[in-house]
Amino acid sequence: MKTLIVYAHPEPKSLNGSLKDLAVTTLESAGHEVRVSDLYAMNWKAAVDAEDYGPHASRPLKVALDSGRAFDAGTLTRDVLAEQEKLLWADTIIFQFPLWWYSMPAILKGWVDRVFTYHFAYGVGEHSDTTYGERFGEGTLAGRRALLSVTAGGPESHYAARGINGPIDDLLFPIQHGILYYPGIEVLPPFVLYGSDRMTSEDYPDVAKAWKQRLLTLESTEPIAFRRQNFGDYEIPSLHLKEGLEPAGRSGFGLHVRG
């Protein structure tokens, strides 16, 4: 297995840093190849701008179209091209980050904004009476798997169905479904550590044991059963879920998960 770890935390000695390091040693010891994109150490530029697209930047800037032209011409900046190559190389992508303000750190969102360009991560495939592009289960990155490894400061009860922060599956849905599943990546159930701000060194051995177990079962873990866009569950072109397919009592984001 070839694994890319995209790591977003400014402190190498943080809990996130320890989990990243443990993932590297655990997977390599099991015979897997591992690459790491340490975004803070790389001084990753988070903001999209015209410099990303060189001679293919229009005035005024049109991010989607310009990124597609630069991708097609092979003139995206070297840092973006390198990350796209890593994604194409990988079988599995692990995203290691803290949950900040109900989302990923800005530097990681900037990685997505710049790396997931038009004609690479989206804007691929045909549009017809039965197909609305290759996305949500199809696309450039189909055949790969991803796992979010997330630390959250609050206790687990705050992220439960009736918790004040909202269900963790809802908070992660825009990332898991909207960013990863969109270009075809199968998404494994997340590894979430709650109460991380109160975690002590005495707690870490149990955390490490649980994390190693998840890492060593990546290949056998069933992905989240998101519905595929072009395989009969949705009306095209409205992309509304067909009547009668929803499980009883389910609504919201949960409609887009089978079973």
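This is a tour of a predicted model, given as a series of selections and what each one shows.

**The main core**

Select Leu87, Ile93, Phe95, Phe97, Leu108, Trp111 and Phe116. These residues have the most contacts inside the largest nonpolar core, which has 46 residues. Now colour the elements that give two or more residues to this core: β1 (2–7), α3 (78–89), β3 (92–98), α4 (106–115), β4 (145–151) and α5 (168–181). Which element gives the largest share of this core? The answer is α5, with eight residues.

Stay on α5 and show its side chains. The helix is mostly covered, with ten of its 14 residues buried. Among the buried residues of α5 are Ile168, Leu171, Leu172, Phe173 and Ile175, and also Gln176 and His177. To see what lies over them, show β3, α4, β4, β5 (186–187) and β6 (191–193), which are among the elements covering the buried residues of α5.

Next, centre on Phe97. Beyond its neighbours within four places in sequence, Phe97 contacts residues including Met104, Pro105, Leu108, Leu148, Val150 and Ile175. Ala8, Asn16, Ser149 and Thr151 are also in contact with Phe97.

**The second core**

Select Ile5, Leu15, Phe191 and Leu193. They are included in a second core of 20 residues, separate from the one above.

**Where α3 meets α4**

Show α3 and α4 alone. Their axes are 10 Å apart and the helices pack at an angle of about 90 degrees. That makes α3 roughly perpendicular to α4. Which residues meet here? From α3 come Asp79, Val80, Glu83, Gln84 and Leu87, and from α4 come Trp111, Arg114 and Val115.

**The salt bridges around Arg114**

Keep Arg114 selected and add Asp79. The two form a salt bridge, with the closest N and O atoms 2.9 Å apart. Because Arg114 lies in α4 and Asp79 in α3, the pair ties together parts that are 35 residues apart in sequence. Are the two partners buried or exposed? Arg114 counts as buried because its relative accessibility is 2%, while Asp79 is partly exposed at 29%.

Add Asp52, whose side chain meets that of Arg114 in another salt bridge (2.9 Å, N to O). Asp52 lies in the loop between β2 and α2, so its pairing with Arg114 in α4 ties together parts 62 residues apart in sequence. Both Asp52 and Arg114 are buried. Now add Lys45 and Asp49: with Asp52, Asp79 and Arg114 they are linked in a network of salt bridges. The count for the model comes to ten salt bridges.

**From α3 to β2**

Select Glu85 and Arg35. Their side chains meet in a salt bridge (3.0 Å, N to O). The pair links distant parts of the chain, with Glu85 in α3 and Arg35 in β2, 50 residues apart. Glu85 is partly exposed, with a relative accessible area of 42%, and Arg35 is partly exposed at 30%.

Then move along β2 (residues 33–38) to Asp38. Asp38 is buried yet has no salt bridge. What is the nearest side chain of opposite charge, and how far away is it? It is Lys20, 4.4 Å away. That pair is not counted because a salt bridge requires the nitrogen and oxygen to be within 4 Å. Leaving out residues up to four places away in sequence, Asp38 touches Tyr7 and Lys20.

**Backbone stops**

Switch to the backbone and look at two cis peptide bonds. The bond from Arg59 to Pro60 is cis, with omega near 0 degrees, and Pro60 is in the loop between β2 and α2. The bond from Ile236 to Pro237 is cis, with omega near 20 degrees, and Pro237 is in the segment after α7 (229–233).

For positive phi angles, select these residues:

- Gly74, just after α2, has a phi of about 75 degrees.
- Tyr102 is not a glycine, yet has a positive phi of about 70 degrees; this residue is in the loop between β3 and α4.
- His119, also not a glycine, has a positive phi of about 75 degrees; this residue is in the loop between α4 and β4.

**Last selection**

Finish at Asp197, in the loop between β6 and α6 (204–216). Asp197 is exposed, with a relative accessible area of 65%.

Notes: Residues numbered from 1 in each chain as written. Predicted model: local features only at pLDDT ≥ 70, side-chain atom pairs only at ≥ 80, totals over all residues. Heavy atoms only, no water. Helix = DSSP H or I, 4+ residues; strand = E, 2+ residues; numbered from the N terminus. Buried < 20%, exposed > 50% of the residue type's maximum accessible area, 1.4 Å probe, protein only. Core = buried A, V, L, I, M, F, W, Y, C linked by side-chain atoms within 4.5 Å. Contact = heavy atoms within 4.5 Å. Lys, Arg positive; Asp, Glu negative; His and termini not counted. Axes fitted to C-alpha atoms, helices over the stretch in contact; angles between N-to-C directions. Parallel < 35°, antiparallel > 145°, perpendicular 65-115°, else oblique.
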